[in-house]
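Me: I want the reasoning behind each label, not just the label. Take me through the model below.

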Number of protein chains: 2
Amino acid sequence: MTTDKTSSRPKVSTEERIRAAAHQEFVAHGFAGARIERIVKRAKTNPRMIYHHFGGKSGLYLAVLEGSLSGLREREMLVDFAHEPPIAGLLKLFDFLNEHFRRTPDLVRLLTNENIERARHMKESQVIGKMSSPVLEQIGVLLNRGEKAGCIRPGIDPLVLYVQLVALTQFHISNMHTLSTIFAIDISSEEWRDKHKEATRAMILAYLENDSAPSNEHLC
Amino acid sequence: MTTDKTSSRPKVSTEERIRAAAHQEFVAHGFAGARIERIVKRAKTNPRMIYHHFGGKSGLYLAVLEGSLSGLREREMLVDFAHEPPIAGLLKLFDFLNEHFRRTPDLVRLLTNENIERARHMKESQVIGKMSSPVLEQIGVLLNRGEKAGCIRPGIDPLVLYVQLVALTQFHISNMHTLSTIFAIDISSEEWRDKHKEATRAMILAYLENDSAPSNEHLC
DNA sequence: CGGTTTAGTAAGTAAATGTTTACTTTTTGA
DNA sequence: TCAAAAAGTAAACATTTACTTACTAAACCG
C-alpha cells in the first residue's frame, strides 16, 4: 500500500515528507518556535534524516521559504498584465495579489516570521536574490503607457506602488489575529474580506486615475 | 552613586530594569526567540526576580505588550482630529499614524510577533480588550460630516478605512527586511520613506474626495 | 553479481532553557 | 525596636532541544 510498484520504499520520498511537515511546522510556529521533534514525528522519520537531506534546521527552513517564494513568482509569471489597458492591467494585478494572499496565508506567515528574524535566512539564500519579481517591470510599462495616454496620474514610482499594493492585500491577513482581537470582529470572514477588497480596489482606482483638473483645495 | 538618598537599593527598581530589558529582548527576538538569560543579564539581576515580579516569561511578555499598546492609545488621545475639517482631519490621522510607526518600530515588531503566535498572549490580557481605540469613533464622525457636506465619498466604513491606513503606514516597516532584501534597496532610508509617504498621502486623498461626477469608464 | 553509494533507523549526548528551592538582605509599620 | 513582609542572590533541577554516532538496509551500476 505504501510502496511503489518497483520498490519497497514509501511512495513519497522521505525528503518530500520532511519538506511538507517542516512547511506546516514553520508556518505554524515560525523558525524559533518550530520543533525538530514535531517535524520528524509528522514526517514519520527521525532527526538524522533532516541533517542528511537539509543539513539542519536552518537549511530546512530555507528550503521551505525558497519553495514558497518561487511559488509566488511562478504564479506571477502566469498572469499577463502587460497586454491589458493600463488601469485595467494594474487592477488585474491587484486582484491577483489579493487572491493569492487570501489563498496562500502560509506564504504570508513565512514572510512575517522572516521579518522577525530580520531576513537573516533569506539573505543566505543563493536563489531568492536571483528570482527578482518580473512584476515590477510590467508595472513600469503600464504606468508609462497610461501616463503618456493621459489616463494615469503622472509620477508614480513602480516599486512604491507595488509596496502599496502588497500592503493593502497582505496586511489584514498577516495581522488578522491582533486586529480581530482588538476590534472584536472576525476579520478573516469572507464578508469582511469582500468588503475590504471592494473598498481597496476603489482606493487604488481613485489614485491611479488622472484628475487632469486637480481640485484647487479640498471642499471641506 | 547607584543608590537613592534614603536607601541602598538601586535608583531604578529591579522590576523596571527587567521590564526595560525584556522589552528590548522581545522586540529583538519575539517571544519564542527571547531568552530569559539575556534578559536577566541586561537587567543585572537573576531569573528568580522575573518569577517574583511577573510570574514567568509569559507574564513578562504580556506586561511589555500591554505597555506598548497603551502607549499608542495614549498618544492617539492626545491628537485632536475631530475638530478639523473632515478631509484635513483624516489626513492628520494618516500623518500621525505614519509618524508614530516610523518612530516606534518596537510596537510594530511586538504586534508582528503577536500575530506569529496567533494573538494567544493578547487574548489572555485583561487590559487590552478594554482599551479599544478611541480613533474609530472619531473617524466615523469625520466621515459622516464629510459625507453630508458632499466632500467625502459616501459609503466608507470606518474600520475598513482604519485598517487600510494602518496597512499603508505599518506594512513597509514590519516588512522592511524582506522587502529590502528582495528588491535590493534600503527601504528604511529617510528618502524612501518620504517618497512613500507622499505617494500614500495622495492615494488616501484621492480615495476620500468625492468625485461627484464619476468617470463613466476608465479612459484607457 | 558485487562493491559502492545513498537512504534509513535507533539510541544517545551535550548544551541550553524555563523554572524552582533554599537562603540572605532590606524595607516597612505597629 | 523588632517582627513580618518584600526584595534579592546563588545554585541547581528537570526538561527540552538541536544535533551526532554507530549501525543496517536498499538502490545503483560497472
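Me: What makes up the area that chain B and chain A bury between them, and how much is it?
Reply: This is a predicted model, in which local features need pLDDT of at least 70 and side-chain atom pairs count only at pLDDT 80 or more, while totals for chains, interfaces and linings use all residues. Residues are numbered from 1 along each chain as written, chains are lettered from A in the order written, and side-chain values use heavy atoms, without hydrogens or water. Buried area is the accessible area (1.4 Å probe) that two parts lose on being put together, summed over both. For chain B and chain A that comes to about 5,800 Å². Carbon and sulfur atoms carry 71% of it. B:N115, B:M203 and B:C220 supply 12% of what chain B buries against chain A, more than any other three residues.

Me: How many residues of each chain are in contact?
Reply: Contact means heavy atoms within 4.5 Å. By that rule, 66 residues of chain B touch 66 residues of chain A.

Me: Why is the pair B:K195 and A:D157 called a salt bridge?
Reply: The term asks for a side-chain nitrogen of Lys or Arg within 4 Å of a carboxyl oxygen of Asp or Glu. B:K195 and A:D157 meet at 3.4 Å, N to O, so the pair qualifies. The count between chain B and chain A is two.

Me: Which helix gives the most to the side of chain B that touches chain A?
Reply: Helices here are DSSP runs (H or I, at least four residues), numbered from the N terminus. Several of chain B each supply at least two residues, among them α1 (14-33) and α11 (190-208). α9(B) gives the most, with 12 residues.

Me: What makes the relation of chain B to chain A a two-fold axis?
Reply: Copies are superposed by least squares on the C-alpha atoms of residues with pLDDT of at least 70 in both. Chain B lies on chain A with an RMSD of 0.0 Å after a turn of 180 degrees and a shift of 0.0 Å along the axis. That is the relation of a two-fold axis. The same surface serves both copies: 98% of the contact residues of chain B recur in chain A.

Me: Where in chain A does pLDDT stay under 50?
Reply: pLDDT is the predictor's confidence in each residue, from 0 to 100. Residues 1-9 of chain A stay under 50. Where pLDDT is low, the predicted coordinates should not be read in detail. The mean for chain A is 91.
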